[in-house]
Amino acid sequence: MGPGGGDRVGELRSIAPTFVASGPSGVTVRTRLKHLTPGDEKVLRLVGAHLGSLASKDLKTRCRDGLSHSGGAWAVRKRELTPVSSSRWAGSITKATQDQWALARRCQSAHIHNLEAGVRTIEHRLALPVGQKGSKKAPGGYRSQREWHAKSRRLRVLQDRLTAARADREAGLVHVVRGGKRLARTRHHLDAAQLTESAWRRGWEAERWFCQADGESGKRYGNETIRVSPDGEVSIKLPAPLVHLSNAPRGRYVLACRVTFAHRGGEWTDRVAVNRAIAYRIHLDTGRDRWYLTASWQIPPTPAIPIEAALAHGVIGVDMNADHLAAWRLDIHGNPTGSPRRFFYDLTGTAEHRDAQVRHALTRLLHWARTCGVKAIAVEDLDFAAEKTREKHGRRKHFRQLISGMPTAKLRARLASMADQTGIAVIAVDPAYTSRWGAQHWQKPLTTTIRKTTRHDAAAVAIGRRAQGHPIRRRTTPPPQHRSDAVGHRTVQARSGVPGREGTRPRIPGPRTRSVPPGRGANAGHQNAQHRPGRSAEHETWQQAPLPLSL
């Protein structure tokens, strides 16, 4: 459904410049901890619960400090946690706390902006007469007096929420739920979630555990707290109160299982061999009752290639929709070649299922791009943060749910990361008017008797042409005085420097009328072959038909 809508043609907004998206700055891989003994699981649960309680207390302290927090206060927090864990565990906990507090501040700012947008929209509509129609730029008045009254009450509610949110931000107060707000609310709706209280409790406790450690370059295997050797042996530095559970020297516990990383295992092995920093996290999936180990490390960002070099072999324009990716390959002149491709995915179900669906669709897209020899993929630089508010779209509940369910940020991040491994550049373009102009100028010309071009396919062509610097809108064909191009060129398909652009069409021999010049061909001298009703008019004398006898 590409968000290429916009205002009227006379009120076009400026188009942002096209750019090559930067590559990923980090790598995250995951593997399963298989064949754990009951003793291993007991130790992991105890370590996670103990460090989770310390992380909760540290987060409470950080939130209480608010804006008055400083580097000295951070050091004090770390010193208080060191005796009950270790210096490295304390460093990981305090850093995770600081990141969580900063994330809550960013979310708080976004919430304030949404409230301000809602208040402005309601105030504008309340000031208009009831029943007044809106325009493309601004909504009109409310439809009835009853709706006007209900929105006036909602305005007071939003204003109160905005006042409270602004006061919290000025005071540096944030609201954070360790374990997640969604899971906390599920506790009051266990029947709807199809969970028992004990099952919910297991998931809640597992989400609040803490078992992650930052890497250190120069240390053995890149991490002293959670260490994974090149042969897959996993060992954990136990906190001080749990040292009595160790089964290895220096207070360490070695798990009975061995791990391997199927994805990017070679990169992981290279880093471990030279003792480069790798961060690890151990967590439990209570739904599957499986333990997982996640490894992550930073990588130098890939230098962005010039956009001219990326477009040297054409481009694939991609239009993202709620259930599929519409893609079309364009040559270096901006002409669609071949047939459009669609890569479907299903965004219902769990987060893991949705993420897998997006990943599989992008994999098929990149495989097709590599087969075509294209080195660039053009996508829209989408951001629905300000486009899915309740006050902006009103009764269009289905549309709000549609754009809210589109994982624009996840797809963009996934595509940049996966394309970097295949050597394909990702070009981000402004999404303005791509769907409208694509449907207006490209949907009908690209539709044939054996191919139905959808609005999304046409939008993909518009996206690809914008990435190449070509105009999306096709020039309207002028009314010619005769069959030549005396009034100007009919389209803007070819650049001025393309060889043969001004030349005549090559003659194609055959019986087709358009291919045979006038006065030539098999029936050139036989005019009766071109006159179906009877003999040729220019070879006959005019005669009036006889009158009917009945007159």
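1. A residue is called buried here when its relative accessible area is under 20%. By that criterion Phe-343 is buried, as is Trp-368, and in this predicted model 37% of the 551 residues of the protein fall into the buried class.

2. As to the overall make-up, the protein contains 15 helices and 13 strands. Among the contacts in the protein with a separation of 6 or more, 67% are accounted for by residues 24 or more positions apart.

3. One part worth following strand by strand is an open sheet of four strands, which runs in the order E2-E8-E7-E3 with antiparallel pairing. Its edges are formed by strand E2 (26–33) and strand E3 (212–213), each of which pairs on one side only. Strand E8, covering residues 290–298, is joined to E2 in the antiparallel sense over eight bridges, and within this pairing Val-29 has Ala-295 of E8 as its bridge partner.

4. The reader may then turn to the nonpolar cores. The largest of them has 41 residues, and those with the most contacts inside it are Leu-33, Trp-268, Tyr-280, Ile-282 and Leu-293. Helix H1, residues 38–65, gives the most to this core, contributing six residues. A second core, separate from the largest one, has 26 residues and includes Ala-327, Leu-347, Leu-365 and Leu-411.

5. Which residues does Leu-293 touch, leaving aside those up to four places away in sequence? Its partners include Val-29, Arg-30, Thr-31 and Leu-33, together with Val-228, Val-234, Val-259 and Phe-261, and also Tyr-280, Arg-281 and Ile-282.

6. The count of aromatic pairs comes to five. In one of them, the rings of Phe-261 and Trp-268 have their centres 5.0 Å apart and their planes at 50°, so this pair is classed as tilted. Phe-261 has a relative accessible area of 8% and is therefore buried, while Trp-268, at 3% relative accessibility, counts as buried too.

7. The rings of Phe-343 and Trp-368, the two residues named at the outset, have their centres 6.1 Å apart, and because their planes stand at 50° the pair is tilted. Phe-343 belongs to strand E11 (residues 336–344) and Trp-368 to helix H10 (residues 351–372), so the pair ties together parts that are 25 residues apart in sequence.

8. Charged side chains also sit over aromatic rings. The charged end of Arg-30 is placed over the ring of Tyr-292, at 4.2 Å from its centre, and the charged end of Arg-187 lies over the ring of Trp-200, at 5.7 Å from its centre.

9. How does the length of H1 agree with the span expected from 1.5 Å a residue? Because the expected span is 1.5 Å times one less than the number of residues, the 28 residues of H1 should span 40 Å, and the end C-alpha atoms are 41 Å apart, which agrees. Just after H1 comes Gly-66, which takes a positive phi of about 60°.

10. Helix H4, residues 145–171, can be checked in the same manner: at 1.5 Å a residue its 27 residues should span 39 Å, and its end C-alpha atoms are 39 Å apart, which agrees. The buried residues of H4 are Glu-147, Lys-151, Ser-152, Arg-154, Leu-155, Leu-158, Leu-162, Ala-165 and Asp-168. H4 is followed by Gly-172, whose phi is positive and near 75°.

Terms used. Residues numbered from 1 in each chain as written. Predicted model: local features only at pLDDT ≥ 70, side-chain atom pairs only at ≥ 80, totals over all residues. Heavy atoms only, no water. Pairing = 2+ DSSP bridges. Helix = DSSP H or I, 4+ residues; strand = E, 2+ residues; numbered from the N terminus. Core = buried A, V, L, I, M, F, W, Y, C linked by side-chain atoms within 4.5 Å. Buried < 20%, exposed > 50% of the residue type's maximum accessible area, 1.4 Å probe, protein only. Contact = heavy atoms within 4.5 Å. Phe/Tyr/Trp six-rings, centres within 6.5 Å; stacked < 30°, edge-to-face > 60°. Lys NZ or Arg CZ within 6 Å of the ring centre and 35° of its normal.
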